[in-house]
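Student: I have a structure open and many terms to sort out. Can we go through them one by one?

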Amino acid sequence: MLELAVLGFLHEKRLHGYELRKRIAALTGHVRPIADGTLYPLLKRMENAGLLSRELEPGQAAAPRHMLALTTDGRTALLERLRVPDELFITDENRWFTLLAFLRHLEDASAQAVVLRRRLDFLTQPASFFWDGDRPLRAADFEDPFRQGLFTIATATTRTELAWLRETLATLEEATR
């Protein structure tokens, strides 16, 4: 998830590490805070793998800054991860949101639609926690107010996402005709 966020943000523009960290924290920090001990070693590994480059640039009022940019291999890696995301990026809500934040970089509407259809298929399959055998559960099936809240929130969120997915898929399919 973190590597996809790095690739996605650097696809948009060159950034220094601190600015990149702030952007990632704004996207995912409410779920997983980003520690320097996690981000900077990852950036070094990505640089060693040829996915990003580092260039020293004079600072505005202080020391020089290391600016990070995607390489051609980095752009290719980003587009491939967007085109064919790992299953966890489809099924895990936090990873899905990270993927969704950068899916626009995959400029082919039909390729975007393939990814959205995978999410739609996942959301329309019965989830074991929300089903009792072949019967869908509802909040009213529980006396526990916290379990009722879980079901109420999950149902509303899923309905909203399903509506958005169907609407966006229709738009993308129209664009490819």
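Tutor: Yes. This is a predicted model. Start with β1 and β3, residues 65-70: they pair in the antiparallel sense over 2 bridges.

Student: What makes β1 and β3 a pair?

Tutor: Pairing takes at least two bridges. β1 and β3 have 2 bridges, so they count as paired strands. One bridge puts His16 with Met67 in β3.

Student: How do you know that β2 and β3 pair?

Tutor: Use the same test. At least two bridges are needed, and β2 and β3 have 6 bridges. Therefore they pair, again in the antiparallel sense. Leu52 stands opposite Leu70 in β3.

Student: What is the strand order in this open sheet?

Tutor: The order is β1-β3-β2, with 3 strands and antiparallel pairing.

Student: Why are β1 and β2 called edge strands?

Tutor: Each pairs on one side only. That holds for β1 (15-16) and for β2 (52-57).

Student: Which way do side chains point in a regular strand?

Tutor: They alternate between the two faces of the sheet.

Student: Which helix lies across these strands?

Tutor: Helix α1, residues 2-12, lies across β1, β2 and β3. Its angle to β3 is about 95 degrees.

Student: What makes β1 a strand, when its range is just 15-16?

Tutor: A strand needs at least two residues in a run. β1 covers 15-16, so the run meets that cut-off. Overall, the protein has 8 helices and 5 strands. From the N terminus, the elements run α-β-α-α-β-β-α-α-α-α-β-β-α.

Student: Why is the protein called more spread out than a compact globule?

Tutor: Set two values side by side. The radius of gyration is 20 Å, and the globule rule gives 16 Å for 177 residues. The value is well over the rule, so the protein is more spread out than a compact globule. The C-alpha atoms fill a box of roughly 60 × 45 × 25 Å along the principal axes.

Student: What share of the residues is buried?

Tutor: Buried residues make up 34% of the 177. To count as buried, a residue must have under 20% relative accessible area. The accessible surface comes to about 10700 Å², and 54% of that belongs to carbon and sulfur atoms.

Student: How confident is the predictor in the protein on average?

Tutor: The mean pLDDT is 90, and 95% of the residues score at least 70. Among the elements, helix α4 (residues 72-83) has the highest mean, 98. Strand β4 (residues 131-132) has the lowest, 76.

Methods: Residues numbered from 1 in each chain as written. Predicted model: local features only at pLDDT ≥ 70, side-chain atom pairs only at ≥ 80, totals over all residues. Heavy atoms only, no water. Helix = DSSP H or I, 4+ residues; strand = E, 2+ residues; numbered from the N terminus. Contact = heavy atoms within 4.5 Å. Axes fitted to C-alpha atoms, helices over the stretch in contact; angles between N-to-C directions. pLDDT = per-residue confidence, 0-100. Rg over C-alpha atoms; globule rule 2.2 N^0.38 Å. Buried < 20%, exposed > 50% of the residue type's maximum accessible area, 1.4 Å probe, protein only. Areas by Shrake-Rupley, 256 points an atom, 1.4 Å probe, with all protein chains shown as cover.
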